[in-house]
Amino acid sequence: MKIFTLWNVRGMDGNMAEYVSEILALLDKEYTKEYKCYLNHENPWQLLIATILSAQCTDNRVNIVTKDLFVKYDSLEKFANAEQSELEEDIRSIGFFRSKSKNIIACSKRLLYEFNGEVPSSIEELTSLAGVGRKTANVIRGNIYNIPSIVVDTHVKRISKKLGFTDEDEPEAVEKELMKVLPKEHWIRYNMQIITLGRTICTARNPQCSTCFLNGYCRAGREKTDDK
């Protein structure tokens, strides 16, 4: 297997495309071409609220909280009319519960009064909502509207840098680089596959480089191999 890395292929037509293609093929083989959202939801506004809650928090924790939250607040109207202090108590186990409560109420009101209760699909309209940045907007665009989008979370940024797809640190800059490197039809799938990889094999604290199927393509993996 011929191995390409960012530092010897960027700017060399053809080689980068082949390098990327090999990695994506391995991701598809390991995780299939199917994808799923890790945040439990039954409709677009629930996913939007769950994603707002997920900032600086694990999806598992959010799912534990929303299991009861979406029963108590089973409509946008109930979220929009919620007492902030009460909502804060309902999501207290999630980080930044005060600001998130405030944003969820404001976001719900705007969805009702300016968007007729519908979650918009454009990046501009989504990011105009309280508590919604590009990451949250792209989660909605990809999972609800199936619009090719790249969600840059901590796993996507960290592992994309290891694979040599980007050297950027700012999420929006990483997103733009990945949009250039990856084929559009793989954007949503890449998000899910890399997040799964980051949670299971390539964890931040203890990456299992020796058993990783992308070992030969990864900066860290190759450095460890070269050190032996």
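This briefing covers the fold, surface, salt bridges and selected residues of one protein chain.

The model is predicted. The chain has 13 helices and zero strands. Its radius of gyration is 19 Å, which agrees with the value near 17 Å for a compact globule of 228 residues. A search of the whole structure finds 10 salt bridges.

**Overall fold**

- Helix follows helix along the sequence, in the pattern α-α-α-α-α-α-α-α-α-α-α-α-α.
- The C-alpha trace spans about 60 × 30 × 30 Å along its principal axes.
- Contacts with a separation of 6 or more can be split by how far apart the partners lie in sequence. Of these contacts, 58% join residues 24 or more positions apart.

**Burial, surface and charge**

- Of the 228 residues, 48% are buried.
- The accessible surface comes to about 12000 Å². Carbon and sulfur atoms account for 48% of that surface.
- The chain carries 32 positive and 32 negative charges. The mean positions of the two sets are 4 Å apart.

**Salt bridges around Lys-72**

- Side chains of opposite charge can pair when their charged atoms come close.
- Lys-72 pairs with Glu-86 in a salt bridge, with the closest N and O atoms 2.8 Å apart. Lys-72 sits in helix α4 (residues 59-72) and Glu-86 in helix α6 (residues 84-90), so this pair ties together parts that are 14 residues apart in sequence.
- Lys-72 also forms a salt bridge with Asp-90, at 3.0 Å from N to O. Asp-90 belongs to helix α6 and Lys-72 to helix α4, so this pair links parts 18 residues apart in sequence.
- Lys-72 is partly exposed, at 36% relative accessible area. Glu-86 is partly exposed too, at 37%. Asp-90 has 26% relative accessibility and counts as partly exposed.

**The Glu-89 and Arg-92 pair**

- Glu-89 and Arg-92 meet through their side chains in a salt bridge, with 2.6 Å from N to O.
- Glu-89 is partly exposed, with a relative accessible area of 48%. Arg-92 is also partly exposed, at 39% relative accessibility.
- Shared partners join Lys-72, Glu-86 and Asp-90 into one network of salt bridges.

**Thr-136, a buried position**

- Thr-136 is placed in helix α9 (residues 134-143).
- Its relative accessibility is 9%, so Thr-136 counts as buried.
- Setting aside residues up to four places away in sequence, Thr-136 touches Leu-48, Thr-51 and Gly-131.

**Arg-158, a buried arginine**

- Arg-158 lies in helix α10 (residues 154-162).
- Is Arg-158 buried or exposed? Its relative accessibility is 18%, so Arg-158 counts as buried. The cut-off for buried is under 20% relative accessible area.
- Beyond its neighbours within four places in sequence, Arg-158 is in contact with Gly-198, Cys-202, Thr-203 and Ala-204.
- Ala-204 is 46 residues from Arg-158 along the chain. The C-alpha atoms of the two residues are separated by 8.2 Å.

**Positive phi in two loops**

- Most residues other than glycine have a negative phi.
- Thr-32 has a positive phi, near 65°. Thr-32 falls in the loop between α2 (15-31) and α3 (44-53). Its relative accessible area is 41%, so Thr-32 is partly exposed.
- Gln-56 has a positive phi as well, near 60°. Gln-56 is found in the loop between α3 and α4. With a relative accessible area of 71%, Gln-56 is exposed.

Notes:
Residues numbered from 1 in each chain as written. Predicted model: local features only at pLDDT ≥ 70, side-chain atom pairs only at ≥ 80, totals over all residues. Heavy atoms only, no water. Helix = DSSP H or I, 4+ residues; strand = E, 2+ residues; numbered from the N terminus. Rg over C-alpha atoms; globule rule 2.2 N^0.38 Å. Buried < 20%, exposed > 50% of the residue type's maximum accessible area, 1.4 Å probe, protein only. Contact = heavy atoms within 4.5 Å. Areas by Shrake-Rupley, 256 points an atom, 1.4 Å probe, with all protein chains shown as cover. Lys, Arg positive; Asp, Glu negative; His and termini not counted. Charge placed at Lys NZ, Arg CZ, Asp CG, Glu CD. Salt bridge = Lys/Arg side-chain N within 4 Å of Asp/Glu carboxyl O.
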